[in-house]
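Biologist: Could you walk me through this protein, one question at a time? I'm new to this, so please keep it friendly.

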Amino acid sequence: MTRPGLHHADPTSLLAESTPMSTYRDPAARSGVLRTVGTRERRSHLSAPRVPTVGIDIGGTKVMAGVVDADGTILEKIRTETPDKSKSPKVVEDTIVELVLDLSDRHDVHAVGIGAAGWVDADRARVLFAPHLAWRNEPLRDALQDRLAVPVMVDNDANTAAWAEWRFGAGRGEDHLVMITLGTGIGGAILEDGKVKRGKFGVAGEFGHMQVVPGGHRCPCGNRGCWEQYSSGNALVREARELAAADSPVAYNIIERVKGSVPDITGPLITELAREGDAMCVELFQDIGQWLGVGIANLAAALDPSCFVIGGGVSAADDLLIGPAREAFRRHLTGRGYRPEARITRAQLGPEAGMVGAADLSRLVARRFRRANRRRVERYERYERYAQAFRAGTHGRGTPRTPEDPGS
């Protein structure tokens, strides 16, 4: 049964609802766009249909879904817990479908974009690996399209968050942007000239697993000394718990706050105490901020962007973290004093960035979907005109030909 709000692939309705012809077909207008915009992907978001789409952000603890308009405004959002990684991929798929159908009851949904915490292939169709879910080379896009009957786009959650910040947030107006997401680990994304750089195999931007301390802390990825072991939410909590477990005098305040239960020490609690002026918590943020600055300096040497956008849950600490990062960045930047320095700023869209970016990127898929269906309708209409002429006996000159006739 058709859900009342879901936009299904009825060719005639797609033809009737198609957007007007772009004014960029005018040569003068098009040349101006080419000068100011630059690449195919960047032009495409300007001409994508201004229709509502659903964005879904799948993290380690939550699945957030929302309807987003063409201006990046969230019309409605809902959330649920992420299924345990021991559950089958079908369980996660069912969760996504349920959220989309719930939203489609109240909104006209034209496409679905998914930002997944994991590696997504270059075709944005398969999740190669997800640390928090049972996805291993999972054909997520095709499985969901079959069930939802609308186009689906799948991408890494850091890529979708970076796209949202470039389109609607802290990265507006930047041509070369790097986003770093600080959560339990470190994720990242690269945008150049309005295009997400995904790499040959789709897994670019895994900055958290650059080695910064040979033989350092063991990382869940299997290596030692990864950047995220020194500048992430996990690093922050690990250091605080180690000091508390050792009954360090500097940890007295936080030990008292958790009534001696070291496992109850969390990132939000450390942030709260740091804002209240607790010396140990402030120092911990300075430490991970300095490591953040070192990593950013390394990325600047490799990529030379104009802007670094810092997002993720840990970025909520704001200047407690970003202030030390800026200082360390200036101190470790290659060629410091003789080159322009990239801007380092906090993300503006908060935890909804991945969801908003996924929805906006899916509008590009909706555009291609509408064009394909419009061509299908046009072929159907041409055949109908021919069939009517054939039945009326007016096709061509002389004896009517059948549709199978090679001359037709």
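What follows is a chat about the fold, a few residues and some side-chain pairs.

Modeller: Sure, and a quick note before we start: this is a predicted model, where local features need pLDDT of at least 70, side-chain atom pairs count only at pLDDT 80 or more, and totals for chains, interfaces and linings use all residues. Residues are numbered from 1 along each chain as its sequence is written, and side-chain values use heavy atoms, with hydrogens and water left out.

Biologist: How many helices and strands does the protein chain have?

Modeller: Helices (H or I, at least four residues) and strands (E, at least two) are DSSP runs, numbered from the N terminus. Counted that way, the protein chain comes to 12 helices and 13 strands.

Biologist: What share of the residues in the protein chain is buried?

Modeller: Buried means under 20% relative accessible area, exposed means over 50%, and partly exposed is in between (1.4 Å probe, protein chains only). The protein chain has 408 residues, and the buried share is 48%.

Biologist: Where is Thr82, and is it buried or exposed?

Modeller: Thr82 sits in the loop between strand E3 (74–81) and helix H4 (89–104). Its relative accessibility is 12%, so Thr82 counts as buried.

Biologist: Which backbone nitrogen does the side chain of Thr82 reach?

Modeller: Let's look at the company it keeps, where contact means heavy atoms within 4.5 Å. Leaving aside neighbours within four places in sequence, Thr82 is in contact with residues including Gly59, Thr61 and Leu133. At 2.8 Å, its side chain reaches the backbone nitrogen of Lys62.

Biologist: What relative accessibility does Thr160 have?

Modeller: Thr160 has its place in helix H6. Leaving aside neighbours within four places in sequence, its contacts include Ile114, Asp155, Ala353 and Leu361. Thr160 counts as buried, because its relative accessibility is 0%.

Biologist: How are the planes of Trp163 and Trp166 arranged?

Modeller: The structure holds 3 aromatic pairs (rings of Phe, Tyr and Trp, using the six-membered ring of Trp, with centres within 6.5 Å; planes under 30 degrees apart are stacked, over 60 edge-to-face, the rest tilted). In one of them, Trp163 and Trp166 are 5.1 Å apart centre to centre, with 55 degrees between the planes, which makes the pair tilted. Both residues are buried. They are 3 residues apart in helix H6 (residues 157–168), so about one helical turn separates these two members of a pair that is tilted.

Biologist: How many residues apart in sequence are the parts that Tyr230 and Trp291 tie together?

Modeller: Tyr230 and Trp291 form a tilted aromatic pair, 5.0 Å centre to centre and 45 degrees between the planes. Tyr230 lies in the loop between strand E11 (195–196) and H7, while Trp291 is in helix H10, so the parts tied together are 61 residues apart in sequence.

Biologist: Is Trp291 buried or partly exposed?

Modeller: Its partner Tyr230 counts as buried, at 12% relative accessibility. Trp291 has 30% relative accessibility, so it counts as partly exposed.

Biologist: How many salt bridges are there?

Modeller: Side chains of opposite charge can pair when their charged atoms come close. A salt bridge is a side-chain nitrogen of Lys or Arg within 4 Å of a carboxyl oxygen of Asp or Glu. By this rule, the count is 18.

Biologist: Which residues are linked with Lys90 in a network of salt bridges?

Modeller: The side chains of Lys90 and Asp94 meet in a salt bridge, 3.0 Å from N to O. Both lie in helix H4, 4 residues apart, about one turn of the helix. In the network, Lys90 is linked with Glu93, Asp94 and Arg147.

Biologist: What relative accessibility does Arg363 have?

Modeller: Arg363 and Asp360 meet in a salt bridge through their side chains, 3.3 Å from N to O. They are 3 residues apart in helix H12 (residues 353–392), so about one helical turn separates them. Asp360 is buried, with a relative accessible area of 2%. Arg363 counts as buried too, its relative accessibility being 2%.

Biologist: What is phi of Asp304?

Modeller: Asp304 lies in the loop between helix H10 (279–303) and strand E12 (307–311). Its phi is positive in a residue other than glycine, with a value near 50 degrees.

Notes
A polar contact is a pair of N or O atoms within 3.5 Å; within protein, one must be able to donate a hydrogen and the other to accept it, and residues adjacent in sequence count only if both atoms are side-chain atoms.
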